[in-house]
Amino acid sequence: MPGFERNDFMNVSEALKKRRTIRKFSQQPLPKEAILDLVEYARLCAYPANLQPLKFAVIQDEELCDKVFPNTKWAGYLTDGSPKKDERPTAYIAVLGDKTIKDSFEVEAGAAVTSMMLGAFEKGIASCWIGALSREPIMDILSLDNERFSLLYVLALGYPAQESKACEFSGSIKYFEDENKKINVPKRPFDEILILEK
Ligand SMILES: Cc1cc2nc3c(=O)[nH]c(=O)nc-3n(C[C@H](O)[C@H](O)[C@H](O)COP(=O)(O)O)c2cc1C
């Protein structure tokens, strides 16, 4: 897939500009080490007061992936944006807040997931950050302690079988599929978001 080959020379700014959410994946399994690397990137993130309250659960087992999938929702703006059976993620990283450390985790999850998505992109691995989750069933499937951990997000992973690009905003923020099956993600113009430059 153009733009997704592993690129040892990809720099951070290129990754920041080119990374897009991908929701269709090839079924080629991901190397376990690559996924563990992503957790390592999350471990090293900036966290408020350096509290590091997040935990991570890596899911690659096919049977478990099959159980997690029905508890995820995809592409709210597309009529047919969910991955089909042979397009599903081949791995997930569940991001959990450890309530014995603190009790709110939004900022931390944002930092961690962003780092993991960019790290994945550099490795040629596509990702979709998923917040629309049935959390209780996922906690049960993974046999995780509900008292201690709060399921924040799941990062779905796999080699890409879809292309997506940023496009100009023309009145709607809704991403759409074009005639070439490419996802277009409208981004508000720079002039709109930069409100002060002195
Ligand atoms: C907190 C958060 C939750 C998200 N939840 C979902 C989700 O449940 N399902 C989904 O298909 N995409 C989800 N996304 C992906 C967004 O739709 C996507 O990031 C956005 O459309 C911009 O596209 P881009 O990532 O390609 O720039 C989520 C993104 C964020 C940041």
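What follows is a chat between a trainee and a mentor about a predicted model of one protein chain.

Trainee: What does the secondary structure of the chain come to?

Mentor: The chain has six helices and seven strands, and from the start of the sequence to its end they follow the pattern α-α-β-α-β-α-β-α-β-β-β-β-α. Keep in mind throughout that this is a predicted model.

Trainee: And how does the radius of gyration of the chain sit with a compact globule?

Mentor: The chain has a radius of gyration of 17 Å, which agrees with the value near 16 Å that a compact globule of 198 residues would have. The C-alpha trace spans about 50 × 45 × 35 Å along its principal axes.

Trainee: What share of the contacts is between residues 24 or more positions apart?

Mentor: Such pairs account for 75% of the contacts in the chain with a separation of 6 or more. As for burial, 43% of the 198 residues are buried.

Trainee: Switching to the surface, how much area does the chain expose, and what do carbon and sulfur supply?

Mentor: The chain exposes about 11,300 Å², and carbon and sulfur atoms supply 52% of that area.

Trainee: How far apart are the mean positions of the positive and negative charges?

Mentor: They are 3 Å apart, taking the 27 positive and 30 negative charges of the chain.

Trainee: Now the inside: which residues have the most contacts in the largest nonpolar core?

Mentor: Those are Trp74, Tyr92, Ala94 and Leu151, in a core of 27 residues. At least two residues of this core come from each of β1 (54-59), α3 (62-68), β2 (91-98), β3 (126-130), α5 (135-141), β4 (149-158) and β7 (183-187), and β4 gives the most, with four residues. In soluble globular proteins, nonpolar side chains tend to be buried together.

Trainee: Let me pick Thr90, then; is it buried or exposed, and where is it found?

Mentor: Thr90 is found in the loop between α3 and β2, and it counts as buried because its relative accessibility is 13%, under the 20% cut-off.

Trainee: What is Thr90 in contact with, beyond its sequence neighbours?

Mentor: Leaving aside residues within four places in sequence, Thr90 is in contact with Ser26, Gln27, Gln28, Leu30, Ile59, Gln60, Cys65, Leu157 and Gly158.

Trainee: Gln60 is on that list; where does it lie, and what does it touch?

Mentor: Gln60 lies in the loop between β1 and α3, and at 26% relative accessibility it counts as partly exposed. Not counting residues up to four places away in sequence, Gln60 touches Leu30, Lys32, Ile35, Cys65, Thr90 and Ala91.

Trainee: How far is Gln60 from Ala111?

Mentor: Gln60 and Ala111 are 23 Å apart in space, C-alpha to C-alpha, and 51 residues apart in sequence.

Trainee: Last topic, backbone angles: what is phi of Ala49, and where does Ala49 lie?

Mentor: Phi of Ala49 is near 55°, a positive value in a residue other than glycine. Most residues other than glycine have a negative phi. Ala49 lies in the loop between α2 (32-43) and β1, and it is exposed, with a relative accessible area of 72%.

Trainee: And what about phi of Lys181, and the place of Lys181?

Mentor: Lys181 has a positive phi of about 70° although it is not a glycine, and its place is in the loop between β6 (176-177) and β7. Lys181 counts as exposed because its relative accessibility is 59%, over the 50% cut-off.

Note on methods:
Residues numbered from 1 in each chain as written. Predicted model: local features only at pLDDT ≥ 70, side-chain atom pairs only at ≥ 80, totals over all residues. Heavy atoms only, no water. Rg over C-alpha atoms; globule rule 2.2 N^0.38 Å. Buried < 20%, exposed > 50% of the residue type's maximum accessible area, 1.4 Å probe, protein only. Contact = heavy atoms within 4.5 Å. Areas by Shrake-Rupley, 256 points an atom, 1.4 Å probe, with all protein chains shown as cover. Lys, Arg positive; Asp, Glu negative; His and termini not counted. Charge placed at Lys NZ, Arg CZ, Asp CG, Glu CD. Core = buried A, V, L, I, M, F, W, Y, C linked by side-chain atoms within 4.5 Å.
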